[in-house]
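Biologist: I am new to this structure and would like a close look at one part of it. Please take me through it slowly, in connected prose.

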Amino acid sequence: MEENCTHGVRYGTLCAWCGADLGIQNHAMTMTNSKSVTFNEIEASQIIHDHFTKIKEKGKLCLLIHMDQVIIDSKVCLDKKYIAPSGLESQYFVTNTEPPYLVRTRPYLIECLKRLSQKYELRIFSVESEKFISEVLLHIDPDNDYFGDRINSRTVLANDYTVIVDVSSENWRDSSNLPVCGFVQVTPFVGLGSSPRGKVFPLLPTYSQKYFQKKEDTAMIGLTNFLINIHSLFFSDENCKINEAIHAAYSQVFQNCIICSSDLVDSSSTQEDFMKFVVKYGGRYSPQFTPFCTHIIADSPESESVKQAQEYQGVYIITFEWLIESCTNFVKSDENNFKLVGVESPTKGTKQLEVMGPDRDLSSSEFDNMMNETTTDSMSEEESSYISEAEINSSFSIP
């Protein structure tokens, strides 16, 4: 027994199975409330697999949420008697830590946690101290209805049944420096004016900044609906993998949309940046207007694309805010709420739009590679009048 022991479980430096003194093991994993009890990687992986298999059998997935700027924002606050803005008192509190922190919860958080807990086992991750995390959980989950004591490290929870939500994929990279399976990116919540840990929006930062300065944060509602959709897609097919369900949910946002935004492209956001982003959300992208385009994103009624589109019937002429709101809320927004001033939308020209044939869907691996490719090859307008999922490999160098 002792000769073949794998020392899977340890108490302190001693193997709980054979009693051998193993000394300090840097690779040991803590998976209980007691830091004295640790597991080696093989044993931890088996425990994790067994646990999440049971969760799946109950019709649930696991949701790992990075606390910071996903569900709260915080900053050091030396005044423990801070008075919250009128009408928002429930969103603010000061921690009993040293130093104390002022914390603001994301709007609609509690309502959304209640909905998500019906479909997911909720877990939380943070780089902050255990005391700080406990203070936050005491405020948002005083009865342990949502998170309980499930505070986890990022190394333990990456598996086939877990969705990870964060503002950046930098915390969730595998050995190839690609985001781990199951990652969903959300807009940072900076309700106390903190510096965002990730990009607020990846395209046209000048436009994006103006939008978020005047817009109420409803990202939690959109994220919740998106995660519930992922859950539904996952369990609708017994062979579905988590990354496939996520890809399918993203692809529904701009399904059947062919989007042109050539007039808004600048040095910070190129045609290829727009293409990659639109395709991620299931749409097709056109570098210029064609009779196939369904949406023109513009900021002036005098732009060439807008003038061409007005000759056709049924083209939506909308502002860039339509793209931002659709993507941050994970659902196509009503175009009628984002009409470009001075232009009729949808257009009522005499010409009929042409219908584009269906694409070959990207596989989940192609989708993951495309989303994480940083080096691109340029494509001239002559080479393609629109770009879609079916043609993404010809315009990006995919490893």
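Is glycine 283 buried or exposed, and what can be said about its surroundings?

Modeller: Please keep in mind that this is a predicted model. Glycine 283 counts as buried, because its relative accessibility is 1% and the cut-off for buried is under 20%. Along the chain, glycine 283 sits in the loop that runs between helix H8 (271-280) and strand E13 (284-286). When neighbours within four places in sequence are left aside, the residues in contact with glycine 283 are Phe254, Cys257 and Val278. Isoleucine 259 is 24 residues away from glycine 283 along the chain, yet the C-alpha atoms of the two are separated by 7.2 Å.

One of those contacts, cysteine 257, is itself buried, with a relative accessible area of 3%. Cysteine 240 also counts as buried, at 14% relative accessibility, and the structure as a whole holds zero disulfides.

Turning to the helices, H6 (residues 219-235) packs with H7 (residues 242-251) at an angle of about 125°, their axes being 8 Å apart. H6 is therefore oblique to H7, and the crossing of the two helices is right-handed. On the H6 side the contact is made by Phe226, Asn229, Ile230, Leu233 and Phe234, while H7 contributes Ile242, Ala245, Ile246, Ala248, Ala249 and Tyr250. Sorted by character, the residues of this contact between H6 and H7 comprise 10 nonpolar, one polar and no charged.

Notes
Residues are numbered from 1 along each chain as its sequence is written. This is a predicted model: local features need pLDDT of at least 70, side-chain atom pairs count only at pLDDT 80 or more; totals for chains, interfaces and linings use all residues. Side-chain values use heavy atoms; hydrogens and water are left out. A disulfide is a pair of cysteine sulfur atoms within 2.5 Å. Buried means under 20% relative accessible area, exposed over 50%, partly exposed in between (1.4 Å probe, protein chains only). Helices (H or I, at least four residues) and strands (E, at least two) are DSSP runs, numbered from the N terminus. Contact means heavy atoms within 4.5 Å. Axes are lines fitted to C-alpha atoms, for helices over the stretch in contact, and angles run from 0 to 180 degrees between N-to-C directions. Angles under 35 degrees count as roughly parallel, over 145 as roughly antiparallel, 65 to 115 as roughly perpendicular and the rest as oblique. A crossing is left-handed if the near helix is turned anticlockwise from the far one by less than a right angle, and right-handed if clockwise. Ala, Val, Leu, Ile, Met, Phe, Trp, Tyr, Cys and Pro count as nonpolar, Asp, Glu, Lys and Arg as charged, and the others, Gly among them, as polar.
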